[in-house]
Amino acid sequence: MSCLISIVPINIDECKCENDILMKQYNAHKQNTKLHKKSERSKYKLAILVPFRDRFDELLTFAIHMQEFLDKQNINYHIFILNQFDRYRFNRASLINVGFLETSKDFHYIAMHDVDLLPLNDELLYIYPSKGPYHISSPDLHPRYHYSTFVGGILLIKREHYMQVNGMSNKYWGWGLEDDEFYVRLKEAGLSITRPQNISTGTHNTFKHIHDRNHRKRDMMKCYNQREVTRKRDRETGLSNISYKIINRIKMTIANTSLTVLNISLMCDKSSTPWCECDKTKHCVFDNLYL
């Protein structure tokens, strides 16, 4: 039986936020930060995984902003830029799978983080999500996406839980829907997603969305049977069978912010996902669902 993926709420149990647990974590962290602003950073190490291609101007803004934001929380973190080096269509989910495999030995949890979404409210905590995935850019706060099953933008998940669901699907070449499929994986695994509660800001001032749709148009093409396949739960691909090569690792600093660039060449099995390359003159339609 297939579970269909859609941008509208899918027909499974909705996310139930554990308010009491989240508020206890927030209050404890707030008190600890107040008493120990100059103390050692958290014992839990966070790998911030940023899928990336050709967006250097956004990266400059992101790196500086995130250092200022996270240093106030005493988060023990490092930023990894997952740069897709091959010429296939962009594959955000596969890049996150690669980033996880390359960092999981040294980091306790990851942030799946869009480069164009900047947190503005200090009440948004990047603390270790011990009880389950923590969706920072919740539908009630994200500037654009407000459907209840949305888990994109910024999601924290600990190492064990990401492995439990076999990471993300590798079938999503082009833009969109990989997060909706990941939501189904989380719910089928019985993982409870928590989200920020009692935040003092709303959809217009919790985040700054720096993506310019006119300057960088989304890859909305759907070719071959991509539309049909990517609206179903993928039980074939994930963390266990991602195929890639690390071209090189580059350590760099942007205005005192240290980060690591992983230049990644993804492999495409064209017998399974021929839409990793789309010929605009053949087999193609344009999907306007997200415009």
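A residue counts as buried under 20% relative accessible area, as exposed over 50%, and as partly exposed in between (1.4 Å probe, protein chains only). This is a predicted model, in which local features need pLDDT of at least 70, side-chain atom pairs count only at pLDDT 80 or more, and totals for chains, interfaces and linings use all residues. Residues are numbered from 1 along each chain as its sequence is written, and side-chain values use heavy atoms, with hydrogens and water left out.

**Exercise 1. Describe the overall make-up of the protein.**

Solution.
- Step 1: burial. Of the 291 residues in the protein, 55% are buried.
- Step 2: elements. The protein has six helices and 11 strands. Helices (H or I, at least four residues) and strands (E, at least two) are DSSP runs, numbered from the N terminus.
- Step 3: contacts. Contact means heavy atoms within 4.5 Å. Take the contacts between residues at least 6 apart in sequence: 82% join residues at least 24 apart.

**Exercise 2. Characterise the largest pocket.**

Solution.
- Step 1: the term. On a 1 Å grid over the protein atoms alone, a pocket is an open set of points where a 1.4 Å probe fits, with protein on both sides within 12 Å along at least five of seven lines. Lining residues have an atom within 4 Å of a point.
- Step 2: volume. The largest pocket holds about 790 Å³ of space. Grid points are joined across faces, edges and corners, and the volume is the space filled by probe spheres set on the points.
- Step 3: lining. The lining has 32 residues. Nearest the centre lie Arg55, Phe90, Trp175, His211 and Arg218.
- Step 4: elements. Strand E1 (45-52) and helix H5 (178-188) each give at least two lining residues. H5 supplies the largest share, three residues.
- Step 5: classes. The lining counts 11 nonpolar, seven polar and 14 charged residues. Ala, Val, Leu, Ile, Met, Phe, Trp, Tyr, Cys and Pro count as nonpolar, Asp, Glu, Lys and Arg as charged, and the others, Gly among them, as polar.

**Exercise 3. Is helix H5 mostly covered or mostly open, and what covers its buried residues?**

Solution.
- Step 1: count. H5 is mostly covered, with 10 of its 11 residues buried.
- Step 2: names. The buried residues of H5 include Glu178, Phe182, Tyr183, Val184 and Leu186. Charged names are also in that list, among them Asp179, Asp180 and Lys187.
- Step 3: cover. H3, E3, strand E6 (154-158) and H4 are among the elements over these residues.
- Step 4: what follows. Glycine 190 comes after H5 and has a positive phi, near 75 degrees.

**Exercise 4. Classify two aromatic pairs and place them in the chain.**

Solution.
- Step 1: the term. Rings of Phe, Tyr and Trp (its six-membered ring) pair if their centres lie within 6.5 Å; planes under 30 degrees apart count as stacked, over 60 as edge-to-face and the rest as tilted. The structure holds nine such pairs.
- Step 2: first pair. Tyrosine 44 and tyrosine 128 are stacked, because their ring centres are 3.9 Å apart and their planes stand at 5 degrees. Tyrosine 44 lies in the loop between helix H1 (19-35) and E1, and tyrosine 128 in the loop between strand E4 (117-119) and strand E5 (134-135), so the pair ties together parts 84 residues apart in sequence. Tyrosine 44 is partly exposed at 27% relative accessibility. Tyrosine 128 is buried at 16%.
- Step 3: second pair. Phenylalanine 80 and phenylalanine 107 have ring centres 5.4 Å apart and planes at 90 degrees, so this pair is edge-to-face. Phenylalanine 80 is in strand E2 (residues 76-84), and phenylalanine 107 is 27 residues away, in the loop between helix H3 (92-103) and strand E3 (109-113). Phenylalanine 80 is buried at 9%, and phenylalanine 107 is buried at 11%.
- Step 4: cluster. Ring pairs join Tyr44, Tyr109 and Tyr128 into a cluster.
- Step 5: charge. The charged end of lysine 45 sits over the ring of phenylalanine 107, 4.9 Å from its centre. The test is NZ of Lys or CZ of Arg within 6 Å of the ring centre and within 35 degrees of the ring normal.

**Exercise 5. Locate lysine 208 and list its contacts.**

Solution.
- Step 1: place. Lysine 208 lies in strand E7 (residues 207-209). Lysine 208 is partly exposed, at 46%.
- Step 2: contacts. Beyond neighbours within four places in sequence, lysine 208 touches Asp116, Leu117, Leu118 and Leu120.
- Step 3: distance. The C-alpha atoms of lysine 208 and aspartate 116 are 7.9 Å apart, across 92 residues of chain.
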